[in-house]
Amino acid sequence: MLKLFNTLTRKIEIFRPIKQGKVGIYSCGPTVYDFAHIGNLRAYIFVDLLKRYLIYSGFKVKHVMNITDVDDKTIKNSQQNNKSLQEFTDFYSKAFIKDIKSLNIKMPDIMPRATKHIPEMVDLIKKIGKHGYSYKSEKSIYFKISKFSDYGKLAQLDKQTLKQNAAGRLNISDEYEKEQVNDFVLWKAWQPEDGEVFWDTEIGKGRPGWHIECSAMSTKYLGEIFDIHTGGVDLIFPHHTNEIAQSEAAFKKKFVNYWLHNEHLLVEGKKMSKSLGNFYALKDIKDKKYNLLLMRLILLKTHYRKVLNFTLKDLDEAKSIAEKFLSFLAGLDFVVCGGSNNLDIKNMISQSRKEFKKAMDNDLNISSGLASLFDFIEEVYKRKSLISTNQAQEIKNYIFEIDEVLGFIRPLYEQYQMRLNKKLATKKILNMISKREKARKNKDYKEADKIRIDLLEKGIVIEDTEKGDKARLLKIID
Ligand SMILES: [Zn+2]
């Protein structure tokens, strides 16, 4: 039974979906004014792992992730780049999608853009107003938090902390427009610096506040109440706190059952920043000639509720972990014997599967999950000589089954196979292999060995099996 840590209660709870067998998930997506950095991407790897595990456990998942394509930063940066808001945000939305695809993150079912949902936001703001939770000041509309008695529950903030928090993040102009410092904007009246970015609506000329975007889009696609909402811990307050206030004020019911938050990512113990020079986007990892799926493994293998301290050394460590899996799979391709019936591989697999599920059911305990797989691999190695070709295939299928959750082994293996096949399709290599075979048949072992070493220099390892020679690549991960 799956258990998850719910930020709302600060407890690990049994996951019970609203509709049996179905799960609705909303994730706060990127604000598209720049390339995503690896800290941003951690949040999307986390939700990908959650989603893949829910699917693996038999749930039908509907996943919505928004794209924030209008806010202060997108407007400012588009103006600085002399581009329209749409042109500017289109570019970074595409870059984001490319990034998540290169990390083998499953695409959300729906990726709504804020600018395409202005009528829904206006409706929601009207509803909040009708219930008396908002007021107009200087043509902007604010949420009146003193009216919402549960305010701050998610962040577990008392009213005193709230005052201090809010005081630190307000500028003077905001302050005198609001009745109370914590009140937040639902609809921002147009100002000259917004340029051509505005919507003329029945609640005024302007644009939505950031928080209302997520309340409106999640409700549109998942309903007034849904199962899981995800995001980074930095979103608990004020963003998610405000989403709850808006939605519950409008619909008079609980907004979300399970709030799941991933921890921060640090680089060499420090917060990532461009000025410190410790800022990494995927492009920087690629420039260092590392396979991006290794970055997936790094972001995946630390439990989502632990701070992840990234260093460049992690890439080499991830490489050696991935190599373990891949050389295991490549080794299975070398199994050619009929095998004996002494090996109960089905039982070994079902035991391992049980261990993996037990770990993941416990709030996605990925390190135990991976450890259970390594134990399985070790057990198989111990019995290597007993494995039949069919069993080798069963083992491989099992690893691929688990990789439906992990998402890095199969794609790396397929890359490996492609490189191998490409090499084996070249005439020169083929000639060398057949020459070596001939030499061996003629018992000219000296010549055969010489060719074997030449092939090794070209990155190909030849192993002789009962059914002839088999080739693999020396370099398992490119
Ligand atoms: Zn959001």
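**Two helices and a zinc site**

In this predicted model, helix H7 meets helix H8 through a set of residue contacts. On the H7 side these are Trp210, His211, Ile212, Cys214, Ser215 and Thr219. Their partners in H8 are Pro238, His239, Asn242, Glu243, Gln246, Ser247 and Phe251.

The geometry comes next. H7 covers residues 210-222. Its axis lies 9 Å from that of H8, and the two helices pack at an angle of about 55°. That angle makes H7 oblique to H8. The crossing of H7 and H8 is right-handed.

Two of the contact residues, Cys214 in H7 and His239 in H8, lead on to the metal. The zinc ion has Cys28 (SG), Cys214 (SG) and His239 (NE2) as its protein donors, lying 2.1 Å from it. Along the sequence, the spacing of these donor residues reads C-x185-C-x24-H. Cysteine 28 sits in the loop between strand E3 (22-27) and helix H1 (38-56), while histidine 239 belongs to helix H8 (residues 236-251). The pair therefore ties together parts that are 211 residues apart in sequence.

Are these two donors buried or exposed? Cysteine 28 has a relative accessible area of 9%, so it counts as buried, the limit being under 20%. Histidine 239 is also buried, at 0%.

Now step back to the whole chain. Domain 1 spans 3-262, domain 2 spans 282-418 and domain 3 spans 426-473. Between the C-alpha centres of domain 1 and domain 3 the separation is 60 Å.

Notes
Residues are numbered from 1 along each chain as its sequence is written. This is a predicted model: local features need pLDDT of at least 70, side-chain atom pairs count only at pLDDT 80 or more; totals for chains, interfaces and linings use all residues. Side-chain values use heavy atoms; hydrogens and water are left out. Domain bounds come from an automatic or database domain assignment. Donors are N, O and S atoms within 2.8 Å of the metal (3.2 Å for Na, K and Ca); water is not among the atoms, so sites may look incomplete. Helices (H or I, at least four residues) and strands (E, at least two) are DSSP runs, numbered from the N terminus. Buried means under 20% relative accessible area, exposed over 50%, partly exposed in between (1.4 Å probe, protein chains only). Axes are lines fitted to C-alpha atoms, for helices over the stretch in contact, and angles run from 0 to 180 degrees between N-to-C directions. Angles under 35 degrees count as roughly parallel, over 145 as roughly antiparallel, 65 to 115 as roughly perpendicular and the rest as oblique. A crossing is left-handed if the near helix is turned anticlockwise from the far one by less than a right angle, and right-handed if clockwise. Contact means heavy atoms within 4.5 Å.
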